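Work through the exercises below with the sequence and coordinates open. Try each task before reading its solution.

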Amino acid sequence: MASYLVLTSPGAPKSDDKARFIADRFSWIAFVFPAFWLLFQRQWVAGIAVALLQGLIAFATPESSAAGFLIELALRLLVALEGPAFVASRLQARGWTMQAIVTADDLVTAEMIYNHEAAETTPVAAETAWQPPVLPVAVAKPADGRAAVGLFEHYGER
């Protein structure tokens, strides 16, 4: 099962149809092509930085170097594991709101769970919402002339 981060655009309600679901899990595509994956996710600075770093590693280390291989592997694992969280944090920095974290097997199930939860928590219109009953106020004066307002006051005889 994967966790899906649900983000809505600035000012959008919780039940927005354009909510973005980001799977917070290992991404094989990000592992194989880290720079291209970041650029595809519109993370321009990070994508360019990773591409430059990969080029620098390839240029600076010999082909059979274990150090170059380990550095490249670490870079790929970093992007594959933390890339989705990086995308979510960049969206939040732009004003997007994280509405929920949904755990589901796939995206379709996560959308169904989120839409069901959002429908339950959507506020009902004011005219159809439950309102407490209005209690009557006693204004009758008893025989001694005092106004009866307390719970245990004498209200007179009926």
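**Exercise 1: a strand residue**

Leu-5 counts as buried because its relative accessibility is 8%, where buried means under 20% relative accessible area, exposed over 50% and partly exposed in between (1.4 Å probe, protein chains only). The model is predicted: local features need pLDDT of at least 70, side-chain atom pairs count only at pLDDT 80 or more, and totals for chains, interfaces and linings use all residues. Residues are numbered from 1 along each chain as its sequence is written, and side-chain values use heavy atoms, with hydrogens and water left out.

Task: find which residues Leu-5 touches, not counting residues up to four places away in sequence.

Solution.
- Step 1. Place the residue: Leu-5 lies in strand E1. Helices (H or I, at least four residues) and strands (E, at least two) are DSSP runs, numbered from the N terminus.
- Step 2. Apply the contact cut-off, heavy atoms within 4.5 Å.
- Step 3. Read off the partners of Leu-5: Arg-20, Phe-21, Ile-22, Asp-24, Ala-88, Met-98, Ala-100 and Ile-101.
- Step 4. Check one pair by C-alpha distance. Leu-5 and Asp-24 are 6.8 Å apart in space and 19 residues apart in sequence.

**Exercise 2: the overall layout**

Task: state how many helices and strands the protein has, and their order.

Solution.
- Step 1. Count the elements: five helices and three strands.
- Step 2. Order them from the N terminus: β-β-α-α-α-α-β-α.
- Step 3. Take the burial total. Of the 158 residues in the protein, 27% are buried.
- Step 4. Take the contact range. Among contacts with a separation of 6 or more, 60% join residues 24 or more positions apart.

**Exercise 3: helix H4**

Task: test the length of H4 against its expected span, then locate its kink.

Solution.
- Step 1. The expected span of a helix is 1.5 Å times one less than its number of residues. For the 28 residues of H4 this gives 40 Å.
- Step 2. The end C-alpha atoms of H4 are 38 Å apart, which agrees.
- Step 3. Find the kink. It is about 55°, at Glu-82, shortly before the proline Pro-84. The bend at a residue is the angle between axes fitted to the seven residues ending there and the seven starting there.
- Step 4. List buried positions in H4. Among them are Gly-68, Glu-72, Leu-75, Val-79, Gly-83 and Pro-84.
- Step 5. Name the packing partners. The buried residues of H4 pack against strand E1 (2-8), E2, helix H1 (28-32), helix H2 (34-40) and H3.

**Exercise 4: two pockets**

Task: find which element gives the most residues to the lining of each of the two pockets, the largest and the second largest.

Solution.
- Step 1. Fix the terms. On a 1 Å grid over the protein atoms alone, a pocket is an open set of points where a 1.4 Å probe fits, with protein on both sides within 12 Å along at least five of seven lines; lining residues have an atom within 4 Å of a point. Grid points are joined across faces, edges and corners, and a volume is the space filled by probe spheres set on the points.
- Step 2. The largest pocket has a volume of about 200 Å³. Strand E2 (20-24) and helix H4 (66-93) each give two or more residues to its lining. E2 has the largest share, four residues.
- Step 3. Class that lining: eight nonpolar, one polar and two charged. Ala, Val, Leu, Ile, Met, Phe, Trp, Tyr, Cys and Pro count as nonpolar, Asp, Glu, Lys and Arg as charged, and the others, Gly among them, as polar.
- Step 4. The second largest pocket holds about 160 Å³. Helix H3 (44-60) and H4 each give two or more residues to its lining. H4 gives the most, six residues.
- Step 5. Class this lining too: seven nonpolar, one polar and one charged.

**Exercise 5: neighbours in a loop**

Task: decide whether Arg-42 is buried or exposed, and do likewise for Gln-43.

Solution.
- Step 1. Arg-42 is in the loop between H2 and H3, and so is Gln-43.
- Step 2. Arg-42 has 59% relative accessibility, so it counts as exposed.
- Step 3. Gln-43 has a relative accessible area of 5%, so it is buried.
- Step 4. Gln-43 touches Leu-38, Phe-86, Val-87 and Arg-90, not counting residues up to four places away in sequence.
- Step 5. Check the backbone. Arg-42 has a positive phi of about 65° although it is not a glycine.
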